[in-house]
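Hi everyone, thanks for making time. Please have a look at the sequence and the structure, and then I'll walk you through a few contacts and one sheet.

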Amino acid sequence: MKLHQPLTSVLLALLPVHSLANPIELRDGLPSNRGSKHLRPVLERRQSAGGFAQGQPVDGKGKGAPLLGGTNKGLDLQNPDNLGAQSTDNGVVVNLKWSFSDSKTRLLNGGWVREQVITDLPASHDIAGAQQHLTKGSIRELHWHRVAEWGYVYAGQIAIGAVDEDGRNQVEILNVGDICTRYFPKGEAHVIQGLADQSEYLLVFDDGNFDASGTTFNVDDWIAHTPKHILAKNFGVNESVFATVLSPNPYILNATLLDLSIDSPNGKLDGNASYVYKASQENATEVPGGGGTIHIVDSRNFPASKTIAASIVTLKPGALRELHWHPNAEEWLYFSQGTARATVFIGNAAARTFDFTAGDTAVFPDNAGHYVENTSEDEDLVWIEIYKSDRVVDISLTQWLALTPPGIVASTLKIPIEVVESLKKEKQTIIA
């Protein structure tokens, strides 16, 4: 026996073989089993490390260890899947989630706005979003964008006004109960005014880089930076009329509610030309799988909305938006109520699970497989999903497998052919 061998190795070598059948641990250089008194503090510390429910990356099966450095405990508790709770996650998947609570809120006279753009969520190339709030009478001033705008009212009541290239106009009042959506095409002039004491709505734009220069054009900005004599000549008025135009633009400004009626000799934007769709005028689609409803709003029932398609989805507690993918566009989501979990599969064995709550946004990459599950036991989950497309398209994993020759599916997945033959051939969409 070599003299330089550690004493512990020597002792282990001298132990009877049968004693090695018992679990052995070393503490302070001494062999011990789990019943030894001097090991109890060690085991207690390990057990007190907690698990995902305590906001710790410990799976209770031997993997992980407690967080000892600085961490945001609240975020850890809200996002157990970031700590490794989902064992099927694999590979590298970039962050696909952003909370409006992490956005800078811009306070204004008469309201506020906060955005999520590509610099906040780099994976969202197609869509940017914003929450905007108006007090009674306040106006999101006259403006237009180089991108299309889509909106959804979830609190209060607002009025919208728009004029198209042919001089047709539309003034419409939108209420929460109407499940109202609106769409302003690229370059279309429009305005929004708050009618209730407090009103709030979601804005969506079909370009993730919405904050880029040359995206939004406010009318008072243009007026303030045009020579006064040109303004006078253009409008047929005295130059002094424009002496009080605000600069820089206020974005949102306080105002008084006045008569909203205005006639146009060129006609109205109505029928298929209307920029407003009230989903409450149609019943939500009751899906075969039960467990919730879905309102699809795209160019098939809202003809003006040519570049933005949407679904308004409600899942009952515990329900699942089935495994599927979208072949035509990224999916951008805004969670307005409840709690959810989703795993996103991006190919090459890479998948990542995310936890969501009200106020979160997310993006699922083009063609990435995913599901969304309501994790609450007593609250409905409601979210809005947006696509830079003229229509909502999805492919159901179950339906695909059910409509493929069973022998091929069974051989590929190594499952009984009877299981394949039992799969539903009708798209379930939502599963109770």
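**Salt bridges and a sheet**

Let me begin with an arginine: R341 is partly exposed, with a relative accessible area of 26%. Keep in mind that this is a predicted model.

So what does R341 form a salt bridge with? The partner is D81, and the closest N and O atoms are 3.4 Å apart. In sequence these two are 260 residues apart: D81 is in the loop between α3 (73-78) and β3 (97-99), while R341 is in strand β22 (residues 339-347). On the accessibility side, D81 is buried, at a relative accessible area of 7%. Because buried here means under 20% and partly exposed means between that and 50%, D81 with its 7% falls in the buried class, whereas R341 with 26% is partly exposed.

This pair also has company. D81 and R341 belong to a network of salt bridges together with D355 and E373. For the whole model, the count comes to twelve salt bridges.

Here is another one for you: the side chains of K278 and E172 form a salt bridge, with 3.9 Å from N to O. K278 sits in strand β16 (residues 276-278) and E172 in strand β10 (residues 169-175), and the two are 106 residues apart. K278 is buried, with a relative accessible area of 18%, and E172 is partly exposed, at 23%. With the buried class ending at 20%, the 18% of K278 puts this lysine inside it.

And what about R321 and D394, buried or exposed? R321 is buried, and D394 is buried too. Their side chains meet in a salt bridge at 3.5 Å, N to O. R321 lies in strand β20 (residues 320-325) and D394 in the loop between β26 (381-387) and β27 (395-396), so this contact ties together parts that are 73 residues apart in sequence.

Now over to the sheet. Strand β16, home of K278, turns up again in an open sheet of seven strands, ordered β4-β5-β6-β13-β8-β11-β16 with antiparallel pairing. The edges are β4 (106-108) and β16; each has a single partner strand, so one side of each has no neighbour in the sheet. If you like angles, neighbouring strands here are turned by 20 degrees against each other on average, with direction ignored.

To zoom in on one pairing, β5 (residues 111-116) and β6 (residues 128-135) run antiparallel and share six bridges. Which residue of β6 is the bridge partner of G111? That would be L134.

Thanks for listening, and I'm happy to chat.

Note on methods
Residues numbered from 1 in each chain as written. Predicted model: local features only at pLDDT ≥ 70, side-chain atom pairs only at ≥ 80, totals over all residues. Heavy atoms only, no water. Salt bridge = Lys/Arg side-chain N within 4 Å of Asp/Glu carboxyl O. Helix = DSSP H or I, 4+ residues; strand = E, 2+ residues; numbered from the N terminus. Buried < 20%, exposed > 50% of the residue type's maximum accessible area, 1.4 Å probe, protein only. Pairing = 2+ DSSP bridges. Axes fitted to C-alpha atoms, helices over the stretch in contact; angles between N-to-C directions.
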